[in-house]
Amino acid sequence: MSWLDVAMQGGIWALEILAIAVPIALSVAYITYAERRVIGWMQIRKGCNRVGPAGLLQPIADGLKLFLKETIIPTTANKYLFVAAPVMALVPALVAFAVVPFGETTLFGFWEETHVMAIANLNVGVLYVMAISSLAIYGILMAGWASNSKYALIGALRATGQMISYEIAMGFSIVCVLIMAGSMNLSAIVHAQAGEYGFLNWYIIPLFPMFVVFFISGCAETNRSPFDLPEGEAELVAGFFVEYSGMWFATFSLAEYAAMILISLMTAIMFLGGWYAPLPADFPVVGAFFDAIPGTVWLLGKTSFLIFVFIWFRATFPRFRYDQLMRLGWKVFLPWTLSWIAVIGMATYAGDISSNLTWISDVIGFWQPWR
Amino acid sequence: MGASYLANEYAPIFVFILIALGMGAAPLVLTMLVAEQNPDDEKLSAYECGFEAFEDARMPFDVRFYLVAILFVIFDLETAFLFPWAVVLDQIGIFGFIEMMLFLVILLVGYIYAWKKGALQWE
């Protein structure tokens, strides 16, 4: 392979990456808009509606305003850590998208076989996402420590304690999915949910409690309301990014919202059948119509709905107290997910223990393509 | 599954890391060049409610955060064992399943101990 080939390949990768990273940044801007409008409607007011038609240019105006603000680096802060922290928070949030499959395509018949639309279709995709997304904590911890402000330090400590607590429940709920699918590759997990029964093949049916645990843990991982104690504006003013101004502050928001998109995408892929339609193609009336919609549209539609649920949570629930949050993570989710792993495992092997119990294995085997 | 496999599968991720670094750093550098900078002593002091900060902000904090971190290491390690086990459960069969259940029971004893000791209690 000559250097020219390497450069060509690198250029193709760079284009693919930009085709994913730039839309993420843009959708983050418009999720902030959607959030303000949706919460506005839920509270029977209008939300932002002045800048542009229906306020659609509001995120751009916000971005421009933040961009033109002064950069403040406190004199007592650790300069290098302070400067590195926002980038350190954003990079993992974006890089985690590298393994997410956005659908399957033949490029309108250009390729012989279907290709998975992912930058790197790793065989350890789930592990990669878990590993990279938990790196985001370093950005938060660095920001809180480097600011040399009490509010920032307490906010960062709270964020760390909460993120590591909920990561355990999250990991255990993913283990249940892995038992069902028998693979860590994200596109293989989606393929395992294919079938002739539409949404009945999705893992939300046998693993509904794990779906709930995963989504709520995701809410806590991204420091979203009602788990937004690290930001707690009433007592910590803004938590770990209290000292950041303008674009620097916006970078943290960008990372938080990108993490929210990632959690929604992962939930859609692992529990809601990824890019498959909820009804089979031979279903009367709507089946053929559903089948005509491209898979990517289904995946992004499911993701958008889950992001809406995130916003809905914020409009509905009051903030948790820190001891309640820790109790939910350690004393409710952890034993619950752990016992569910045992239940799924026992159901899988019930037929081997006694022939009277084969029906349990048969029922659970409906969702296990490896059987 | 050799070196070329690793290079082909993981190289795009390194390109992605470089691009993400650029996407993170470029706006921060640009905003410092474009926006008007007008610093003064008061503006650059650490935020404190109403008075000047008279001591370092790195105060001692609750030991429970440390305890949570220790417990996290134990249980996250358990997750690290469970991940590969779940993927090959179809090959290792009922023997592998029972073995992992024994492992989980041992950890469960530790979990109950931590609970009884009040390590999970946040007051």
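Here are some worked exercises on a predicted two-chain model.

Local features need pLDDT of at least 70 and side-chain atom pairs count only at pLDDT 80 or more, while totals for chains, interfaces and linings use all residues. Residues are numbered from 1 along each chain as written, chains are lettered from A in the order written, and side-chain values use heavy atoms, with hydrogens and water left out.

**Exercise 1. Work out how chain B is built and how it meets chain A.**

Step 1: Start with the elements, where helices (H or I, at least four residues) and strands (E, at least two) are DSSP runs numbered from the N terminus. Chain B has three helices and zero strands, in the order α-α-α from the N terminus on.

Step 2: Go on to the contact (heavy atoms within 4.5 Å). Chain B puts in 69 residues and chain A 82 residues.

Step 3: Look at the buried area, meaning the accessible area (1.4 Å probe) that two parts lose on being put together, summed over both. For chain B and chain A that comes to about 6800 Å², with 76% from carbon and sulfur atoms. On the chain B side, Phe16(B), Arg58(B) and Phe83(B) give 12% of the area buried against chain A, more than any other three residues.

**Exercise 2. Decide whether Glu243(A) is buried or exposed, and find its surroundings.**

Step 1: Place the residue: Glu243(A) sits in the loop between helix H9 (233-236) and H10 of chain A.

Step 2: Apply the cut-offs: buried is under 20% relative accessible area, exposed over 50%, partly exposed in between (1.4 Å probe, protein chains only). Glu243(A) has 8% relative accessibility, so it counts as buried.

Step 3: Check the partners, skipping neighbours within four places in sequence. Contacts of Glu243(A) include Ile72(A), Pro74(A) and Phe82(A), plus Ser45(B), Ala46(B) and Tyr47(B) from chain B.

**Exercise 3. Find the largest nonpolar core and who is in it.**

Step 1: Such a core is a set of buried Ala, Val, Leu, Ile, Met, Phe, Trp, Tyr and Cys residues joined through side-chain atoms within 4.5 Å.

Step 2: The largest has 147 residues, and those with the most contacts inside it are Phe97(A), Tyr203(A), Leu207(A), Phe271(A) and Trp85(B). Helix H6 (residues 150-181) of chain A gives the largest share, 19 residues.

Step 3: Zoom in on Phe271(A). Beyond its neighbours within four places in sequence, Phe271(A) touches residues including Val177(A), Trp202(A), Tyr203(A), Leu207(A) and Phe214(A).
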